[in-house]
Structures are given as C-alpha cells and as structure tokens.
Amino acid sequence: FFNCTSLTSVTIGNSVTTIGGEAFGSCDILTSVTIGDSVMTIGEWAFGNCESLASVTIPDSVTEIGDYTFYNCSSLTSVYCKATTPPSLGGTNVFDNNGSGRKIYVPAGSVDAYKAKEYWSEYKDYIFAE
C-alpha cells in the first residue's frame, strides 16, 4: 500500500504478526490505523510520511518497532503504547517530525521504564502515563 493516495483508514487483523517495512508509507490521507493484537513487529518506515495520521494505538503484543516507523507524520499528536515492557525501537527516528504537542501515552507503572529504555529516552519529554 506504499504511496496509496486514496487510503484513509486501515485495520490490521488479528492474524497478522508483522507489518512490513514501508507497508503504508507515504499514504498522505491515511488518518486512522487500528493495529490488531497479534502484531509483534512493525517494520521500518511502515507509516513514515503519513502526514494525516493523527493518532495511533500500539497494542501490548508489539515487541519491536523499526526506525522511521512514524517519521514525518506531521499530524501525529497522540501515540498510545499499551505494552508494560517498552518495545525495542530500531533507532532514534521512530517518532521524529511528528505534530506539535505530541504525547506518547504508556501504562502508568511503566513511565520510568520507557524514559530509561534505549532510543525511547530520546522522547522522554513526550512520555506520559495513560
């Protein structure tokens, strides 16, 4: 679906375990993404340059998020990461160039773990308890 110019929403079903790299990258008018509870890995640039994406919920099944996954999602202001153990990030650019006032919400008991985790620490000022 890379560079699909008419895709406005997507639901990743519960039988999918991996969202490949660049799977939905540069889908300019994609506003809504629902990620199923069986997804464990989100590849690099999977949603990069999705400029209309405003909010995303990452289920607790996700253990790995590739670099640049949500890079340049200029409308993205709310990220909800449900995992109590922070997923590993592929680098320091996962959430770069997001919307002004971006907040990353994590489980209340996990805020310190996220802020201390490699690469998540780059976003410590944006991490809040859900």
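About 6000 Å² of the protein is exposed, and carbon and sulfur atoms supply 45% of that area; such accessible areas come from the Shrake-Rupley method with a 1.4 Å probe, where for residues only the protein chains shown count as cover. The model is a predicted one, in which local features need pLDDT of at least 70 and side-chain atom pairs count only at pLDDT 80 or more, while totals for chains, interfaces and linings use all residues. Residues are numbered from 1 along each chain as its sequence is written, and side-chain values use heavy atoms, with hydrogens and water left out.

On to the overall build. The protein has one helix and 10 strands, and from the N terminus on they run β-β-β-β-β-β-β-β-β-α-β. Its radius of gyration is 13 Å, close to the 14 Å that the globule rule gives for 130 residues, so the protein is as compact as a globular protein of that length. Helices (H or I, at least four residues) and strands (E, at least two) are DSSP runs, numbered from the N terminus. The radius is taken over C-alpha atoms, and the rule is 2.2 Å times the number of residues to the power 0.38. Along the principal axes, the C-alpha atoms fill a box of roughly 40 × 35 × 25 Å.

Of the 130 residues, 45% are buried; buried means under 20% relative accessible area, exposed over 50%, and partly exposed in between (1.4 Å probe, protein chains only). Among contacts with a separation of 6 or more, 41% come from residues 24 or more positions apart, a contact being heavy atoms within 4.5 Å.

Next, the charges. There are 6 positive and 14 negative side chains, and the centres of the two sets lie 10 Å apart. Lys and Arg count as positive and Asp and Glu as negative, with His and the chain ends not counted; each charge is placed at NZ of Lys, CZ of Arg, CG of Asp or CD of Glu. Side chains of opposite charge can pair when their charged atoms come close. The structure holds one salt bridge, meaning a side-chain nitrogen of Lys or Arg within 4 Å of a carboxyl oxygen of Asp or Glu. Here the partners are Lys 82 and Glu 130, at 3.0 Å from N to O. Lys 82 sits in the loop between strand S7 (78-81) and strand S8 (88-89), and Glu 130 in the segment after strand S10 (127-129), so the pair ties together parts that are 48 residues apart in sequence. Both are partly exposed, Lys 82 with a relative accessible area of 35% and Glu 130 with 48%.

A few loop residues round off the picture. Most residues other than glycine have a negative phi. Trp 45, in the loop between strand S4 (41-42) and S5, goes the other way with a positive phi of about 60°, and is partly exposed at 26%. Asn 97 also has a positive phi, near 60°; this residue lies in the loop between S8 and strand S9 (103-106) and is partly exposed at 44%.

Leaving aside residues up to four places away in sequence, Asn 97 is one of the residues touched by Ser 74, along with Glu 51, Asn 98 and Gly 99. Ser 74 belongs to the loop between S6 and S7 and is partly exposed at 39%. Ser 61, in the loop between strand S5 (55-58) and strand S6 (64-65), is buried at 16%. With the same sequence neighbours left out, Ser 61 touches Gly 36, Asp 37, Ser 38, Val 39 and Met 40.
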